[in-house]
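Reader: I'd like a close look at one part of this model, the part where the helices pack around the core. Could you walk me through it in one go?

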Amino acid sequence: MSAEDSNPAATPTPCEDIQGDGRWMSMHNRFVSDSKDKEPDVVFVGDSLIQLLHQFGIWRQLFSPLHALNFGVGGDATQHVLWRLSNGELDNISPKVVVLWVGTNNHGHTPEQICGGILAIVQVIKNKIPHAHTLVLGLLPRGKMPNPLRDRNAKVNKLVQEAVVGDHCNR
């Protein structure tokens, strides 16, 4: 059994269709299609925090001029983003920058598992678009202090920062 198999947050998994309307797969298919006919300089990947960015004026003002694509899906956890990126969303594009923001929806996973999921996504990005710079955004605090979700997200941020800085220093 590989390390990925033992970490559900780092195992590519399509999102369960709990609404029964095929919405998640439809969005994935649209992203794959967008990647075939667009030439983005920047691609944003992640959960609802990414998905909702395009609704704000800042998107039109700062990111649209960069020919940015938004591959955010509400509710996605690391294993869902990992599946999407492993199944076509990055196959036909060569952006200069990929912005990744995911992990807050990994309910039931440990900080170490979530970190492993984020790092697995970063590796897929590196493998598919080796020249792109990847920006990994930290998870936001959740709820009022103190609480287990806030503590978990802080630990994920610490682990990811240590891993990314360590990787950067080893290049």
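Author: Here is a walk through one helix, its partners, the core around them and a couple of backbone oddities.

Keep in mind that this is a predicted model. Let's start with helix α5, residues 78-89. Of its 12 residues, 10 are buried, so α5 is largely enclosed by the rest of the structure. The buried ones are Thr78, Gln79, His80, Val81, Leu82, Trp83, Arg84, Leu85, Gly88 and Glu89. What does the covering? The elements over those buried residues include α2, β1, β2, β3 and α6.

Take α2 to begin with, which runs over residues 23-37. Its axis sits 10 Å from that of α5, and the two helices pack at an angle of about 40 degrees. An angle of 40 degrees is neither under 35, which would be roughly parallel, nor within 65 to 115, which would be roughly perpendicular, so α2 and α5 count as oblique to each other. Their crossing is right-handed. On the α2 side, the residues that meet α5 are Trp24, Met25, His28, Phe31, Val32 and Ser35. Facing them from α5 are His80, Trp83, Arg84, Asn87, Gly88 and Glu89.

Met25 deserves a second glance. Its relative accessibility is 33%, which means it counts as partly exposed, falling between the 20% and 50% cut-offs. Pro14 is 11 residues away from Met25 in sequence, and their C-alpha atoms are 8.2 Å apart.

Now for the core. The largest nonpolar core has 32 residues, and the members touching the most others are Val45, Phe71, Val81, Leu85, Leu100, Ile118 and Ile121. At least two residues each come from α2, β1, β2, α5, β3, α6 and α7. The largest share belongs to α6, with 8 residues. There is also a second, separate core of 7 residues, including Val42, Phe44, Ile50 and Ala68.

Leu85 shows how α5 ties into its surroundings. Setting aside residues up to four places away in sequence, Leu85 touches Val45, Leu90, Ile121, Val124, Ile125 and Lys128.

That brings us to α6 itself, residues 111-128. With 18 residues at 1.5 Å each, counted as one less than the number of residues, α6 should span 26 Å; its end C-alpha atoms are 26 Å apart, so the two agree. Its buried residues are Pro111, Gln113, Ile114, Cys115, Gly117, Ile118, Ala120, Ile121, Val122, Val124 and Ile125. Among these, Gln113 is in contact with Ser6, Asn7, Pro8, Ala9 and Gly108, leaving out neighbours within four places in sequence. To link this back to α2, the C-alpha atoms of Gln113 and His28 are 24 Å apart, with their positions 85 residues apart along the chain.

Finally, two backbone spots you may want to look at. Most residues other than glycine have a negative phi, and most peptide bonds are trans. His67, though not a glycine, has a positive phi of about 55 degrees. His67 is in the loop between α4 and β2. The other spot is the peptide bond joining Met145 and Pro146, which is cis, with omega about -15 degrees. Pro146 belongs to the loop between β4 and α7.

Methods: Residues numbered from 1 in each chain as written. Predicted model: local features only at pLDDT ≥ 70, side-chain atom pairs only at ≥ 80, totals over all residues. Heavy atoms only, no water. Buried < 20%, exposed > 50% of the residue type's maximum accessible area, 1.4 Å probe, protein only. Core = buried A, V, L, I, M, F, W, Y, C linked by side-chain atoms within 4.5 Å. Contact = heavy atoms within 4.5 Å. Axes fitted to C-alpha atoms, helices over the stretch in contact; angles between N-to-C directions. Parallel < 35°, antiparallel > 145°, perpendicular 65-115°, else oblique. Left-handed = near helix turned anticlockwise from the far one by under 90°.
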